[in-house]
Amino acid sequence: MSNMKRSATVQIDKSELDFMVLEYSCRDSSVLSTLGKHCKESNWIISVGVDSVPIHITLHVDKQVALAPEVYVVCNGEKVFPSDPTKQKSKLKQDFRWSKPFRGTLRGLATKNYFEVRPEHLSHEQWYTATLTEQREDGLFKAILQMPDGQGGFHAVDMPAVKADNVREAGGMKRPVSLPYRTLHLEVPMKDPLHETTLSIDNEPVTHFFGRPTPPPEQQGEGKNRVSFAVTRDRSQVRGNVGHGVLDHFLSGEVRGVRQDADDLKHSWVFQIGPFAEHLIEMEKRFKSSNLVSLTVDGALLAECTSEDIECAEDTWECSFRLVGERFMDWEVYESDGNGLTLDSKGIVTHRSKYFHEVRVTVKESERSLIPARISVDGRDFTDLAEYRPLRQEDRVICPPQALTASYGLIVPYRVNEAAHLSPASFMSPLRYDGGLGQGGLFGLLSCCGKSHVEDDYGYPIH
């Protein structure tokens, strides 16, 4: 059942990574005897947001009468066709179209320096490059701004509550922020519901959005894919909660191969993404002669179908999907009043960064056996991935801020107290504590590089 149209290669915008097809299956009575003879059933489970409840759509086609198949469609347990509550299924008298709109997530959220922010308390209009790290429930945004430090450079300043009116895109037309609306479309044609049914998002076939979260849900306990630092009041020392090996792997996100096992009916691979995520990918079939292949990711079915169902190239079963995740870095810092005075209160500045990895699993159908099956991550074959290295005991990272910058490209941020009274000049002057580095603190030490800078993985300039 070619329920989803698919082209060979598709580039998906990173802003769409929160939308994922978590599962697709297309089965007939040879797989599920409960379906009944001459019946086929397709199921999609689709996540339309990181924290939303997935949408589950079921299409059932009964083709006992070849020229007039009966159909029913269910979404999240509620029947959407036929509309007659007395009928479980019905013949199509015309093409059936169904849609479900939903609000998408903000384009560019957690993407480094994607936005510009205008501080409310300045006497004149001034926009600063910023990263929006979170959308609050009250509609405000948390942001990290690149503010002048008064020495010809910049420092990162956490703003916990920014109005949407004070945010715009940094590039192009400087468009104001807006939350997009997306629409899920299902079309079941009367002439051939078995082969021509399509499910799409704004005309983009859903097969372009196969995806799973990383780390896997069972590995996403408190503190996973997150590192933290504590900064002393005089900003002379930074204490991390992990050692060098973990921090270096966390920042690079390097993919490392762990192991693979294969026989005629099953092939499995295990690989690691950064220090906190390990994924198990399994490809199976019931019989060597069967064309029905199932692909599971971390123990949960991702796809179960034939190559025809997802319109693969001839003699090839292939499924591509994305592993989508976020990294978090928490900085515990002493707050500033925005006028250069360090307060006794502490706050947490969280750097949030989205990332993804493209995974592709393929096997030639003419091989019959799954032993020759291949998997690649970001275009690299499994056999070419970096070698897995077990974690070893090591001391936690403890060093001055300038050493953290030199070793890892990380800049210790500042946090302005939300209740502090800000003066317009405060954004243009360096904070008073200089950590014993002389006038200008760390920023003065680094200002010898002038305006030239490179950016770390989180978008903060290293001067």
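A residue counts as buried when its relative accessible area is under 20%. In this predicted model, D158 has a relative accessibility of 5%, so it falls in the buried class. That residue is a handy starting point for a tour of one sheet and of several charged pairs.

The sheet that includes β11, the strand of D158, is open and built from six strands, which run in the order β12-β8-β9-β10-β11-β30 with mixed pairing. At its edges stand β12 (167-169) and β30 (414-415); each has a single partner strand, so one side of each is left without a neighbour in the sheet. Further in, β10 (residues 141-148) pairs with β11 (residues 154-162) in the antiparallel sense, and seven bridges connect the two. One of the residues to look at here is Q146, whose bridge partner in β11 is A156.

D158 also takes part in a salt bridge, its side chain meeting that of R415 at 2.5 Å, N to O. Because R415 belongs to strand β30 and D158 to strand β11, this contact ties together parts that lie 257 residues apart in sequence. R415 is buried as well, at 15% relative accessibility. The cut-off of 20% is what places R415 in that class.

Across the whole structure, the search returns 22 salt bridges. Among them is the pair of D62 and K89, with an N to O distance of 2.6 Å between the side chains. D62 sits in strand β3 (residues 55-62), while K89 is found in the loop between β5 (78-81) and β6 (90-91), so the pair joins parts that are 27 residues apart in sequence. The two partners fall into separate accessibility classes: D62 is buried, at 6% relative accessibility, whereas K89 is partly exposed, with a relative accessible area of 24%.

Another salt bridge brings together the side chains of K288 and D264, at 3.8 Å from N to O. This pair links distant parts of the chain, 24 residues apart: K288 is in the loop between β21 (277-284) and β22 (293-297), and D264 in the loop between β19 (255-263) and β20 (266-273). K288 is partly exposed, with a relative accessible area of 40%, and D264 is also partly exposed, at 29%. Beyond these pairs, D95, R97 and E187 are joined into one network by salt bridges that share partners.

Conventions
Residues are numbered from 1 along each chain as its sequence is written. This is a predicted model: local features need pLDDT of at least 70, side-chain atom pairs count only at pLDDT 80 or more; totals for chains, interfaces and linings use all residues. Side-chain values use heavy atoms; hydrogens and water are left out. Two strands pair if DSSP finds at least two bridges between them. Helices (H or I, at least four residues) and strands (E, at least two) are DSSP runs, numbered from the N terminus. A salt bridge is a side-chain nitrogen of Lys or Arg within 4 Å of a carboxyl oxygen of Asp or Glu. Buried means under 20% relative accessible area, exposed over 50%, partly exposed in between (1.4 Å probe, protein chains only).
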